[in-house]
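The following exercises concern a ligand site, enclosed space, aromatic rings and backbone geometry. Each task is followed by a solution in steps.

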Amino acid sequence: MKTSQRLSEFTSFIVMDILEEALSLEAQGHDVVHLEIGEPDFSPPPPVVDAMCRAVVDGHTHYTHSLGLWSLREAISDYYGRVYGVEVSPGRICVTTGTSAAFLMLFGALLDAGQGVGMSDPGYACYPNFVRFVGGRPVALPISVKDGFQLTPERAACTTVEESPIVIISSPANPTGTLTARSTYEWLLARGHTLISDEIYHGLVYDGSRVETALGLSEDVIVVDGFSKRYAMTGCRLGWMVVPESLVRTINRISQNLFISPPTPSQYGGIAALEHGDGHVECMRLEYGQRRRLLIDGLARLGFEVAFEPQGAFYVFAEISRFSDDSYSFCKRMLREAHVAATPGVDFGKHETNRYVRFAYTRGQDCIVKALDRLAHWLNG
Ligand SMILES: Cc1ncc(COP(=O)(O)O)c(C=O)c1O
């Protein structure tokens, strides 16, 4: 069947292709170590599970307001006050079906045909496809390990406000784990870009690093955040965005039409996560910190280069130049021959990405040790 011209450059999400191949290997009886998918192996905090179960039993299984339960929007507003000392009115908070729905609605609301959105390359694989899907044009802003994968003002200067009226930054970043410096946000705002700040990995930072919400910089910044990563709630499909007052009704209309409302039991889980989840998040963060050290040191011993140590999220973006200049075929061979799944750098853009593989430390330390052993045999065998 003929598909839309709009999809001509719509790429597959390669990590999902790798996962799907790993699942078929498992179906054939092989044991695969999964370091490809950016999905926590933890269960959500117990109060979240209790709240979701209770919601179902109590009959909270109907649609809610398209922008989410008011009590959840209030809980998110309290969270900004408590964690960042920033006041955000619940009325500016739109609850969404994961942050993925937030991006779809945002780009749909903001972009006219052909309009550009600046984003770091490498960067989160789905951003360019969201932009293409609504007829916009992704503009790659190349970043490099030489600057610790920072989107510096010098790097962002390769585009203009006319070419990329909107710039999106994820910090901590997927796939590099970089925290973007406050000066970059300030520079982009002063230059006149509309800024979208993806803060989904906030709370997952290591070695004493700290993060601030971009909401502290200006009321015009748009922040997207969600429950998938730090609360280990990927399957609950729950996120939110904070938008300027003037955009709320537009998002409301889009949400009513495209989603009707975010999942109701998950919204009750979201309230419990914000009110009772902090201790659980801290336990997960400490465990991620140990996995991170184990993986970085282990990969370095095997000859991968980790010239920049990720400060946040749960990924190591390791250079493979010693072994290959084709990250896709390297990952395919690694999966088929060593039964270790990881994501080729080319999933995240075009700038020097063939030299990198992303390893996610979203599996336990025993799995990481097993993967490192397998890689040692594979690379030296
Ligand atoms: C940077 C970033 N933003 C957004 C998402 C989407 O998450 P979700 O739709 O589960 O909220 C991901 C998922 O991997 C991500 O890495």
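Helices and strands are here DSSP runs, numbered from the N terminus, with at least four residues for a helix and at least two for a strand. The model to which these labels apply is predicted.

**Exercise 1. Determine which element gives the most to the lining of the largest cavity, and characterise that lining.**

Step 1. Two cavities of 30 Å³ or more are present in the structure. The volume of the largest cavity is about 140 Å³.

Step 2. Its lining consists of 17 residues, and Ser120, Pro122, Ile169, Ser170 and Ala173 are those nearest the centre.

Step 3. At least two lining residues come from each of strand E3 (116–121) and strand E5 (166–170). E5 makes the greatest contribution to this lining, namely three residues.

Step 4. Classified by residue type, the lining of the largest cavity has ten nonpolar and seven polar residues, and no charged ones.

**Exercise 2. State which residues line the second largest cavity, and assign them to classes.**

Step 1. The second largest cavity has a volume of about 30 Å³.

Step 2. The residues that line the second largest cavity are Val145, Phe149, Glu305, Val306, Ala307, Phe308, Phe317, Glu319 and Tyr356.

Step 3. Seven of these lining residues are nonpolar and two are charged, while none is polar.

**Exercise 3. Describe the surroundings of the ligand and identify its polar side-chain contacts.**

Step 1. The ligand is surrounded by 14 residues, the closest being Ser100, Asp198, Tyr201, Ser228 and Lys229.

Step 2. Helix H4 (residues 98–110) provides the largest share of this shell, with four residues. By class, the shell comprises five nonpolar, six polar and three charged residues.

Step 3. For the contacts, the cut-off is a pair of N or O atoms within 3.5 Å. In the side chain of Ser100, an N or O atom is 2.5 Å from an oxygen atom of the ligand. Asn174 places a polar side-chain atom 2.8 Å from a ligand oxygen atom. For Asp198, a polar side-chain atom lies 2.6 Å from a nitrogen atom of the ligand.

Step 4. On its own, the ligand has 400 Å² of accessible area, of which the protein covers 92%.

**Exercise 4. Classify the aromatic pair formed by Tyr80 and Tyr84, and explain how the two residues are placed along the helix.**

Step 1. The pairing rule requires ring centres within 6.5 Å. By this rule there are 30 aromatic pairs.

Step 2. The rings of Tyr80 and Tyr84 are 5.7 Å apart, centre to centre, with 25° between their planes. Planes under 30 degrees apart count as stacked, and the pair of Tyr80 and Tyr84 is accordingly stacked.

Step 3. Tyr80 and Tyr84 are four residues apart in helix H3 (residues 70–84), so about one helical turn separates them.

**Exercise 5. Locate the cis peptide bonds at Pro122 and Pro175, and the positive phi of Asp207.**

Step 1. Asp121 and Pro122 are joined by a cis peptide bond with omega about 5°. Pro122 belongs to the loop between E3 and helix H5 (126–133). Pro122 is also one of the residues nearest the centre of the largest cavity.

Step 2. The peptide bond between Asn174 and Pro175 is cis, with omega about 15°. Pro175 is found in the loop between E5 and helix H7 (182–191).

Step 3. Although Asp207 is not a glycine, its phi is positive, at about 55°. Asp207 is situated in the loop between strand E6 (194–198) and strand E7 (222–226).

Conventions: Residues numbered from 1 in each chain as written. Predicted model: local features only at pLDDT ≥ 70, side-chain atom pairs only at ≥ 80, totals over all residues. Heavy atoms only, no water. Near = heavy atom within 4 Å. Polar contact = N/O pair within 3.5 Å; in protein donor to acceptor, adjacent residues only side chain to side chain. Areas by Shrake-Rupley, 256 points an atom, 1.4 Å probe, with all protein chains shown as cover. Nonpolar A, V, L, I, M, F, W, Y, C, P; charged D, E, K, R; others polar. 1 Å grid on protein atoms, 1.4 Å probe; cavity = no way out; pocket = protein on both sides within 12 Å on 5 of 7 lines; lining within 4 Å. Points joined across faces, edges and corners; volume = space filled by probe spheres on them. Phe/Tyr/Trp six-rings, centres within 6.5 Å; stacked < 30°, edge-to-face > 60°.
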